[in-house]
Amino acid sequence: MNELQLLGPRAHGEACGRAVLKATAEDFQVDEVLDIPLTGQGEHLWLWVEKRGLNTEEAARRIARAAGLPLKAVSYAGLKDRQALTRQWFSLHLPGKADPDLAAAQGDDLVIQRSERHNRKLQRGAHAANGFTLRLTALEADRDALELRLQRIAAQGVPNYYGSQRFGFDGGNVEQARDFAARLELPVQRNLRSRLLSSARSYLFNQVLAKRVAAGTWNQAQIGDLLAFTASRSFFMAGEAERIDPRLAILDLHPTGPLWGDGPLPTAGETRQLEQEVADEAAQLVQWLIKADMAHERRILRLPIGGLSWHYPEPDILQLAFVLPAGCFATVVVRELLDLVPAGQTDTPCEF
């Protein structure tokens with residue numbers, strides 16, 4: 001499956017050029033934003049960890065081994081990329097125990113920068129946002145067009161697609177999910193089951209969003225939409241008055257799309273019709289998600305980009321800094337600007 005099949009069309013026009021992302025881990029930096037005041041006491045030890053070329057699950061295993069704890073005693077708020085320089089929180093459950101020696105967990109690819117006790121464990125999804133610093137190298141672009149595009153996405157946001165990394169190499173996770181769905185079976189292995197269910201829901205959400213982008217309604221409230229605020233998981237029905245709510249214009253309020261699960265579609269009108277069409281086209285996947293006892297949830301269709309800034313450290317390098325809500329993908333922001341190419345493949349002709 002190609003990127004267009006997994007994500008859908010761009011909203012702001014064709015790419016302004018191309019560049020390389022992640023030539024080095026330092027080119028893709030992520031800082032978890034977690035607004036929880038730590039108490040300094042309690043049976044949970046929280047760790048602020050910087051890691052390079054290491055995914056979150058691998059880091060958790062390293063920390064667990066060094067602490068002499070089972071993996072389930074190590075918690076984290078969200079998964080971070082392997083090919084990146086990331087900083088995020090972990091917590092260790094240590095009832096009645098002293099702080100362990102974690103030297104064995106550390107190395108060039110993992111450094112514990114801070115530790116502090118707290119009275120609660122770190123819950124999944126507890127972080128409010130992620131801050132990104134991206135360096136796009138080997139840049140070949142129409143600089144004027146790129147500047148205008150950056151200003152436009154800062155003002156209008158981008159479609160809140162799930163990034164292609166959610167779906168595995170060439171969409172392999174989606175294909176595996178379809179195989180299990182065709183048999184109405186669930187993977188026995190817990191991690192595999194979670195990954196495939198998540199990929200299937202994300203793929204279906206992207207299909208709905210792709211249709212809204214194509215129709216030009218991804219950033220507009222329609223009667224029958226369910227609307228949600230950027231940082232809220234609650235939503236409400238859009239009527240005539242809600243279609244012109246001024247909070248839509250300032251990117252605080254957004255239409256939502258479905259994360260499929262059990263229960264009827266809560267939308268109405270044309271929105272419900274569009275979402276039902278996607279469900280009918282992928283009926284096996286939808287039934288599979290229902291069989292897995294997934295609950296119907298919603299996700300905002302429009303992604304506001306917080307504090308977007310940019311500069312050019314070198315003529316062929318674009319550096320971006322911005323903040324996104326938790327669970328959103330920096331690569332879908334870049335996708336509205338540039339085509340990404342692998343390192344070493346920038347010497348072939350390209351038309352902008």
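Analyst: Let's start with a working definition: two rings of Phe, Tyr or Trp (for Trp, the six-membered ring) form a pair if their centres lie within 6.5 Å. We will apply that to a predicted model. Here Phe28, Phe132 and Phe322 form one aromatic cluster.

User: Thanks, that helps. How many aromatic pairs does a search of the whole structure find?

Analyst: The search finds 8 aromatic pairs. A pair of aromatic rings is described by the distance of the centres and the angle of the planes. Take Phe229 and Phe236 as a case: their ring centres are 6.2 Å apart and their planes meet at 45°. Planes under 30 degrees apart count as stacked and over 60 as edge-to-face, so the pair of Phe229 and Phe236 is tilted.

User: Are Phe229 and Phe236 buried or exposed?

Analyst: The middle class applies to both. Buried means under 20% relative accessible area and exposed means over 50%, with partly exposed in between. Phe229 has 24% relative accessibility, so it counts as partly exposed. Phe236, at 29%, is partly exposed as well.

User: Let me try that reading on another residue. Where is Thr331 placed, and which residues does Thr331 touch?

Analyst: Thr331 belongs to helix α9, which spans residues 330-335. Its relative accessibility is 17%, so Thr331 counts as buried. Leaving aside residues up to four places away in sequence, Thr331 touches Leu21, Phe28, Gly163 and Gln165. You have already met one of those: Phe28 is in the aromatic cluster with Phe132 and Phe322.

User: Now to helix packing. At what angle do the axes of α5 and α7 cross?

Analyst: For a helix pair, look at the angle, the handedness and then the residues in contact. The axes of α5 (residues 190-215) and α7 (residues 269-281) come within 10 Å and cross at roughly 135°. An angle over 145 degrees would count as roughly antiparallel, and 65 to 115 as roughly perpendicular; α5 and α7 are therefore oblique to each other. The crossing of α5 with α7 is right-handed. On the α5 side, the contact is made by Leu204, Gln207, Val208, Lys211 and Arg212, and on the α7 side by Thr271, Leu274, Glu275, Val278 and Glu281. By class, these residues divide into 4 nonpolar, 2 polar and 4 charged.

User: And what is the angle at which α5 and α8 pack?

Analyst: α5 and α8 pack at about 135°, with their axes 10 Å apart. That makes α5 and α8 oblique to each other. Their crossing is left-handed. Leu196, Leu197, Ala200, Arg201, Tyr203 and Leu204 of α5 meet Leu285, Val286, Trp288 and Leu289 of α8. The class count for α5 with α8 is 9 nonpolar, no polar and 1 charged. Leu204 of α5 takes part in the contact with α7 and in the contact with α8.

User: One more topic, backbone angles. What is the phi of Asp170, and what is the phi of Asp293?

Analyst: Here we look for a positive phi in a residue that is not a glycine. Asp170 fits, with a phi of about 55°. Asp170 is placed in the loop between β8 (158-159) and α4 (172-183), and its 48% relative accessibility makes Asp170 partly exposed. For Asp293, phi is near 65°. Asp293 sits in the loop between α8 (283-291) and β12 (297-300). With a relative accessible area of 71%, Asp293 is exposed.

How values were computed
Residues numbered from 1 in each chain as written. Predicted model: local features only at pLDDT ≥ 70, side-chain atom pairs only at ≥ 80, totals over all residues. Heavy atoms only, no water. Axes fitted to C-alpha atoms, helices over the stretch in contact; angles between N-to-C directions. Helix = DSSP H or I, 4+ residues; strand = E, 2+ residues; numbered from the N terminus. Parallel < 35°, antiparallel > 145°, perpendicular 65-115°, else oblique. Left-handed = near helix turned anticlockwise from the far one by under 90°. Contact = heavy atoms within 4.5 Å. Nonpolar A, V, L, I, M, F, W, Y, C, P; charged D, E, K, R; others polar. Buried < 20%, exposed > 50% of the residue type's maximum accessible area, 1.4 Å probe, protein only.
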